[in-house]
Amino acid sequence: MTPDDTPWVKPLGALVLLLFVDLDPELAALRPLGGFFVLRTGAAPDGPLPTLATTYENPVSDVYGNSLTFRVHAVAERLRAPELRIAASVAQQALAARLWSAALGCAALYGHVPDLDPRLLHWDAQSSAPDDLWLAEVRPLPGDAATLADTVLLGHLEPLTAALVAHHRMSAGLLRGNAASALAGAARELDRWARARGRTEVATRARALTAELLAHPLLADTGTLTGTAFRRRSCCLYYRVPGGGVCGDCCFTQPPGPSAKAASG
């Protein structure tokens, strides 16, 4: 499918004329961005890790039987979350941020994205960024919004949403709001990094791709993007953890009272 065949994609116009470097086997251009953007490639040094395909397909309740279940319980313990679904929301948004950051960073810097097929992407649920994700093989794909949506949103975040909805009392709308928030956050950080280094073409491409992705039917109703600022229409539930507050893009301006808590979940 080309961008012209996809009604929610607007053409990038002159941006397609930008010169990019080819994807390298180590995705070295992501390293200066650090943190959530870095994607390690090749075999993991500590032996084989489960793939995200396995994680999505087998979200068992046993905490030691599945990476996603283990991560949710680990987050719950760290945050002292009163409900597992709060930890599930936080864990899902963090993984979404990792996936969007790596994919959007590659699209903006290289003009291509690596194939992030869940069968190629290994996840260490016991680690954190940038050591948690390993891509077995770098296979270049086009860096347009349609490919990004297929790669991240449909390839990862929708099956992740289905797994969490099936095993926790989660709202699919809340999780898609998390996905949109994670995308906007990655774009904002990439924009800040690029402008600080005079890479305005990178910032411009990242912003254009983000706007197109947030117009995707699965994300279009999740919030409003103004420049690089995003205001979502749902809440990730972080305010419910001890000492937690509202996030910068939350639909709430302050932690809600008891009457609003029932509506937010």
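Is P242 buried, partly exposed or exposed, going by its relative accessibility? I began with this residue, working throughout on a predicted model. I found P242 in the loop between β7 and α7 (258–264), and because its relative accessibility is 39%, I entered it as partly exposed.

I then looked up what surrounds P242. Leaving aside residues up to four places away in sequence, I noted that P242 touches L79, R80 and P82. I also looked at A81, which lies 161 residues from P242 along the chain, and found the C-alpha atoms of the two separated by 7.2 Å.

**Overall layout**

I counted 7 helices and 7 strands in the protein, and read their order from the N terminus as β-α-α-α-β-β-β-β-α-α-α-β-β-α. Of the 265 residues, 51% are buried. Among contacts with a separation of 6 or more, I noted that 69% join residues 24 or more positions apart. The accessible surface comes to about 12,000 Å², and carbon and sulfur atoms hold 54% of that area.

**The β6–β7 hairpin**

I next followed strand β6 (residues 223–226) into its pairing with β7, which is antiparallel and runs over 4 bridges. The two strands form a hairpin with 2 residues between them, and in the turn I noted G227 with a positive phi of about 65 degrees. At G223 I looked across to β7 and found R232 standing opposite. Along β7 (residues 229–232) the side chains alternate, with F230 and R232 buried and pointing to one face, while A229 and R231 point to the other and are not buried.

**The nonpolar core**

Which residues have the most contacts inside the largest nonpolar core? I listed L39, W100, L157 and L190, in a core of 71 residues. The elements that give two or more residues to this core include α1 (52–57), α2 (67–79), β3 (121–123) and α4 (145–167), and the largest share, 16 residues, comes from α3. Taking L39 by itself and leaving out residues up to four places away in sequence, I recorded contacts with E26, L27, L30, A102, P114, L116, L121, L133 and L135.

**T55 in α1**

My last entry concerns T55, which I located in helix α1. I entered T55 as buried because its relative accessibility is 2%, where the cut-off for buried is under 20%. Beyond residues up to four places away in sequence, T55 touches N66, S67, L68 and W123.

Notes:
Residues numbered from 1 in each chain as written. Predicted model: local features only at pLDDT ≥ 70, side-chain atom pairs only at ≥ 80, totals over all residues. Heavy atoms only, no water. Buried < 20%, exposed > 50% of the residue type's maximum accessible area, 1.4 Å probe, protein only. Pairing = 2+ DSSP bridges. Core = buried A, V, L, I, M, F, W, Y, C linked by side-chain atoms within 4.5 Å. Contact = heavy atoms within 4.5 Å. Areas by Shrake-Rupley, 256 points an atom, 1.4 Å probe, with all protein chains shown as cover.
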